Protein chains: 2
Amino acid sequence: MNLSERKKKILSAVIDENFLTAEPVSSKQLQENYLKDFSSATIRNELATLEELGLLYHPHTSSGRLPTKDGIKLYVDEILPSIKSASVEDLTKMFDAKLDNVSSVLKTTAKAISEATNYTTIMSLSLYDFAIIEKVGLVGIDENSVLAIVSTDRGTIKDLITLEANEEELESSSKILTDIFRGKTLRQIENSDFLITSEIEKYKYMFELMVEMIASQEKKNNQIAIEGKNKLLEYPEFADSSKLRSAFEIFEEPSSLESLLDSTGQNIETIIETDENSPVKDCAIVTASYKVGDKTIGKASVFGPVRMDYKNVISILKGLSSEISHKLNQPNKNNSSKKGDD
Amino acid sequence: MNLSERKKKILSAVIDENFLTAEPVSSKQLQENYLKDFSSATIRNELATLEELGLLYHPHTSSGRLPTKDGIKLYVDEILPSIKSASVEDLTKMFDAKLDNVSSVLKTTAKAISEATNYTTIMSLSLYDFAIIEKVGLVGIDENSVLAIVSTDRGTIKDLITLEANEEELESSSKILTDIFRGKTLRQIENSDFLITSEIEKYKYMFELMVEMIASQEKKNNQIAIEGKNKLLEYPEFADSSKLRSAFEIFEEPSSLESLLDSTGQNIETIIETDENSPVKDCAIVTASYKVGDKTIGKASVFGPVRMDYKNVISILKGLSSEISHKLNQPNKNNSSKKGDD
DNA sequence: ATTTAGCACTCGCAGATGATGAGTGCTAGC
DNA sequence: GCTAGCACTCATCATCTGCGAGTGCTAAAT
């Protein structure tokens, strides 16, 4: 769509003003706060045109204008892109996360974004596609329990497993398993998506125990964090408790979250839900995805009312995004020598 | 307070009916649903008496009655005690919790109680006052990290610590530390509330590392679980989003929670907050405490509107309570021989 | 051709009014 | 001690009204 500069300015002004007041915006308001050089009548004419284009609407004859879904889309996609990304140095520690504290790092990062944007923030991160195994260790604890340790370039996962074995057995198993696992990602082990040679057959039981342990640890390290749910309470859009309820119910249900955040793979994507029947009607979600190769290993999503401060949200997610891709493209100190394996 | 049976019956009826409708209760309602043998006029007389006693009130002349704080207190303390405790066999797994999954057990238990009562449930549990140390192990992982393992009768805590040491040193340290720690609770170690003999001086550094590790692990195993926050949304009392907000803010703030749940030590205690200025005005909290000796090691609190189904809540918490004290008084298979130490 | 002043028109909103009915308190009789 | 009956109170709801914010349109000005 090709809008005149003035029309763009007016559309932005409507969205910005509506963000501040949460009310329909009148031509007079626009004139006084954004376009002092024109009369309200002129602005009214422009507003009428923007309405014909489907970018604005007004709920009743004598009320001000509100942006439609299309209007916001256009604003986000064509008017905002020029904004700079925010500086977010202190947020990128997320990608220095170690496997044994992913959830706490996710939590603090999500909390930070939530504080910065003032919206609910949902983060997910799977180091399982990212961490490269370096070594497998098996240590006898007592008669029938063994501590299994898998160390990666991203930290260590460990768990007690039930197994009777003497020290020599453990030692040789450690060696063999290290040989098999080294250089692979945890995900590959979990899926066992590589050839099992006859050599491994002997250690099949051990091997399966380890796969199981790795899989169970992934579930345990609950790799999704939702912070700032209470932020929603600040917005009049959620004053109605049934709206709040449906939003909170979505947060509870990991599966519905998954589908909601299932981005098409764009770097930053904005979803605006105005479907009358959607549980998150009148909500907007801005999602940034972080990838290594073609695998999405992390996502940061900001959830709020359609009347959202997109400028701020996108600039923060953008900043995080650029910092992170910078990080990901730096060879990692610990695993640079082994990275070629997969 | 000595009430006639009929007055008790009427007070109960008011509270029960108000629980169902969330509205003031009229004499006619009571007559139809609870006291068919009397006319509404008789009931009105009784209601007036109960009002004089400060157990009921009515917001305006032509409205039905509502219980006051005192009325509910009396109901809970003097009328309800005859109710049986619910069977809750499947909830007591909480006290079979192992240190390394306290938080997940707390979570599921809190969730179960929340589902059973339909209110928000807050649980806390500290095995640190409860678990008796059996053994300390130090295992070298690589050049400068050591896996410290403290096994207790309630599971194992473990963490990587940074330390350079050869195998012999680790072995002898393990032995000495085991001698010092064995039979003590984790809390005692954390507080170091026992005599440090000159013998220990040599291992002071190791000792301090272990104390630190134990303390940090306690923080890590976030030992408080709040489940069913969304339940509040179902109650008209929380339709007003500012009320909801203050409740949710309390849930966020662990310190304010602490003070709120700081029970006087009764087995089951009901707090009804009607103070005009309290952030949790018109909320009720029923807390059950679980003790070993004089230490409270766990608490289960149910949070909801003053108009709460006390009967159900208390019977569930009571059931949990009795199951647990039964459990706690059974000598534990693993630590019966060492329990005399403190 | 674009902008603007002016004005009629629309419609939500807030306050006033009145009818309704639920519920009580009281009194008198059973 | 219980209850029928009735006057009284007061919240609630629907209806109405005036107000004012805001628009759309037209005609004049730039």
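**Exercise 1. Find the angle at which helix α1 (residues 5-21) of chain A and helix α3 (residues 40-52) of chain A cross, and name the residues that meet.**

Step 1. The axes of these two helices come within 10 Å and cross at roughly 85°. Axes are lines fitted to C-alpha atoms, for helices over the stretch in contact; angles run from 0 to 180 degrees between N-to-C directions. Helices (H or I, at least four residues) and strands (E, at least two) are DSSP runs, numbered from the N terminus.

Step 2. α1(A) and α3(A) are therefore roughly perpendicular to each other. The classes are: under 35 degrees roughly parallel, over 145 roughly antiparallel, 65 to 115 roughly perpendicular, the rest oblique.

Step 3. α1(A) contributes A:Arg6, A:Lys7, A:Ile10, A:Leu11 and A:Val14. They meet A:Thr42, A:Ile43, A:Glu46, A:Leu47, A:Thr49 and A:Leu50 of α3(A). Contact means heavy atoms within 4.5 Å.

Step 4. By class, the contact of α1(A) with α3(A) has 6 nonpolar, 2 polar and 3 charged residues. Ala, Val, Leu, Ile, Met, Phe, Trp, Tyr, Cys and Pro count as nonpolar; Asp, Glu, Lys and Arg count as charged; the others, Gly among them, count as polar.

A note on the model: it is predicted, so local features need pLDDT of at least 70 and side-chain atom pairs count only at pLDDT 80 or more, while totals for chains, interfaces and linings use all residues. Residues are numbered from 1 along each chain as its sequence is written, chains are lettered from A and ligands numbered from 1 in the order in which they are written, and side-chain values use heavy atoms, with hydrogens and water left out.

**Exercise 2. Do the same for helix α10 (residues 241-252) of chain A and helix α11 (residues 254-261) of chain A.**

Step 1. Their axes lie 5 Å apart, and the packing angle is about 95°. α10(A) and α11(A) are therefore roughly perpendicular to each other.

Step 2. From α10(A), A:Ile250, A:Phe251 and A:Glu252 make the contact. From α11(A) come A:Pro254, A:Ser256, A:Leu257 and A:Leu260.

Step 3. The residues of this contact divide into 5 nonpolar, 1 polar and 1 charged.

**Exercise 3. Describe the protein surface near DNA strand C.**

Step 1. 21 residues lie around DNA strand C. A residue is near a strand if one of its heavy atoms lies within 4 Å of it. A:Arg6, A:Ser39, A:Thr42, A:Thr61 and B:Ser27 come nearest.

Step 2. α3(A) gives the most to this surface, with 4 residues. By class, the surface has 3 nonpolar, 13 polar and 5 charged residues.

Step 3. Of the atoms of DNA strand C within 4 Å of the protein, 79% belong to sugar or phosphate. The rest belong to bases.

Step 4. Now the polar contacts (pairs of N or O atoms within 3.5 Å; within protein, one must be able to donate a hydrogen and the other to accept it, and residues adjacent in sequence count only if both atoms are side-chain atoms). A polar side-chain atom of A:Arg6 is 3.0 Å from a phosphate oxygen of DNA strand C. For a polar backbone atom of A:Ser39, the distance to a phosphate oxygen of this strand is 2.9 Å. An N or O atom in the side chain of B:Arg65 lies 3.1 Å from a phosphate oxygen of DNA strand C.

**Exercise 4. Which residues are closest to DNA strand D?**

Step 1. They are A:Ser27, B:Arg6, B:Thr42, B:Thr61 and B:Ser62, among 21 that surround the strand.

Step 2. Sugar and phosphate make up 81% of the atoms of DNA strand D that come within 4 Å of the protein.

Step 3. An N or O atom in the side chain of A:Ser27 lies 2.6 Å from a phosphate oxygen of DNA strand D.
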